[in-house]
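Work through the exercises below with the sequence and the structure at hand. Each task is followed by a stepwise solution.

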Amino acid sequence: MAAFLCLFSRSASAGQREPACSSAADSLAAGQLERAVAGYQTCATEAPSLSGFKGLAETYSRLGRYVEAVDTFHRALALNPDDSDANSELGQALIMTGRYEDAIHALGRSVVLEPGNNRARDLLAMALFESKQYELAAIEAAEVRRREPGNVSAAFILGACDLRLGLYASAIPLLKSSAAAAPSPEIKATLGKAYLRVHEDALALDEFRAVEQLSPEVPGLFSEIGAAYAGLGQKTLALKAYERALDIDPNDVAANYYLARLNWVEGNYAVSGDYLAKARQSAPEDPLVQLLSAEVSIHTQDYARARPLLEKVIRELPENIRAHVLLSQVYIHLQQVDEAKREEAIAKALQESAEKQREQTMQTPAGKPTPP
């Protein structure tokens, strides 16, 4: 998501120019960034001012020197903590350094100071998304969309939030409209993931193949391609995609998990165990890794070990139908009949709900915005 930021970033205004910083501002406007840095550094020493520090910080940001930009924006805000623009641009620099909680604080202050600052709200939605606060991110992105219906960044963030929240019927139209307006690798890859969630594997594969043409280095891309092929029943192509994913990153959790799962289904338990061990090593708390670990325990009739694993998976992935089915089976073996019936009923209800949602999702007109 932070990489996506560069598609929609705009330069901050350097503010009202102080005489000592005039030449530096001219250099910045002309794109002479190194010269602007030298000029702003000189004027910041000779006549420290809000506009001078903001200009220097903006120049650092445009050079990709975000750590220095953050420090310099703080210097600007020391002179005027209530400058909404400086708080907003500080937030963007903090996002680019991965300091999302600090970015939320700066951007939240910017919005409080200037509620109509849609750019600050857009950035705040992005920072909240990166910190996995999807509900709050969706609220901010929806508000930006309400004010600016054509805002692609807000539509993408809202769609990505809905995807994480399992709201596929709203996520897919938002992501489709975003991809049509700005077909970036990140947007198309996210749309492909959404299609996978509703088992539209052919559509997902189309998106992932388009991403491969645009930017084959997107992290996890070949694992997603493998998942699409697996969903289409093309196991040979799925295996090749997963193996390519592991050539790129031997610790790719998704590739190791799915290769473990494919081999498990084929009855190649030893090979499956090797891949599962790698997945566990990279992400021992990953719920899907734990789900397969529980299946292994069930296979060896170690139901006491499988139960806590499945219960934890359900806490983290309450809509995972397979986890409920397996837990029902485990409860039967542990003679917990009432619990087994409950899990079986939940699995049935989830299956019916998933089928209904898939039908609704794929009937939504392409590109039609979902109401915020």
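**Exercise 1. Locate valine 111, decide whether valine 111 is buried or exposed, and list its contacts outside the local sequence.**

Step 1. Valine 111 sits in helix α7, which covers residues 100-113. Helices (H or I, at least four residues) and strands (E, at least two) are DSSP runs, numbered from the N terminus. The model is predicted: local features need pLDDT of at least 70 and side-chain atom pairs count only at pLDDT 80 or more, while totals for chains, interfaces and linings use all residues. Residues are numbered from 1 along each chain as its sequence is written, and side-chain values use heavy atoms, with hydrogens and water left out.

Step 2. Valine 111 counts as buried because its relative accessibility is 9%; buried means under 20% relative accessible area, exposed over 50%, and partly exposed in between (1.4 Å probe, protein chains only).

Step 3. With neighbours within four places in sequence set aside, valine 111 is in contact (heavy atoms within 4.5 Å) with Ala120, Arg121 and Leu124.

Step 4. Serine 84 is 27 residues from valine 111 along the chain, and their C-alpha atoms are separated by 7.4 Å.

**Exercise 2. Repeat the placement and burial steps for isoleucine 157.**

Step 1. Isoleucine 157 belongs to helix α10, residues 152-164.

Step 2. Its relative accessible area is 0%, so isoleucine 157 is buried.

Step 3. From isoleucine 157 to leucine 123 the C-alpha to C-alpha distance is 9.9 Å, with their positions 34 residues apart in sequence.

**Exercise 3. Check the length of helix α12, then list its buried residues.**

Step 1. Helix α12 has 13 residues (185-197). The expected span of a helix is 1.5 Å times one less than its number of residues.

Step 2. The expected span is therefore 18 Å; the end C-alpha atoms are 19 Å apart, which agrees.

Step 3. In α12 the buried residues are Ile187, Lys188, Ala189, Thr190, Leu191, Gly192, Ala194, Tyr195 and Leu196.

Step 4. Histidine 199, just after α12, has a positive phi of about 65°.

**Exercise 4. Describe the protein as a whole: secondary structure, extent, burial and contacts.**

Step 1. The protein has 21 helices and zero strands.

Step 2. Its C-alpha trace spans about 80 × 40 × 35 Å along the principal axes.

Step 3. Of the 372 residues, 49% are buried.

Step 4. Taking contacts between residues at least 6 apart in sequence, 50% join residues at least 24 apart.
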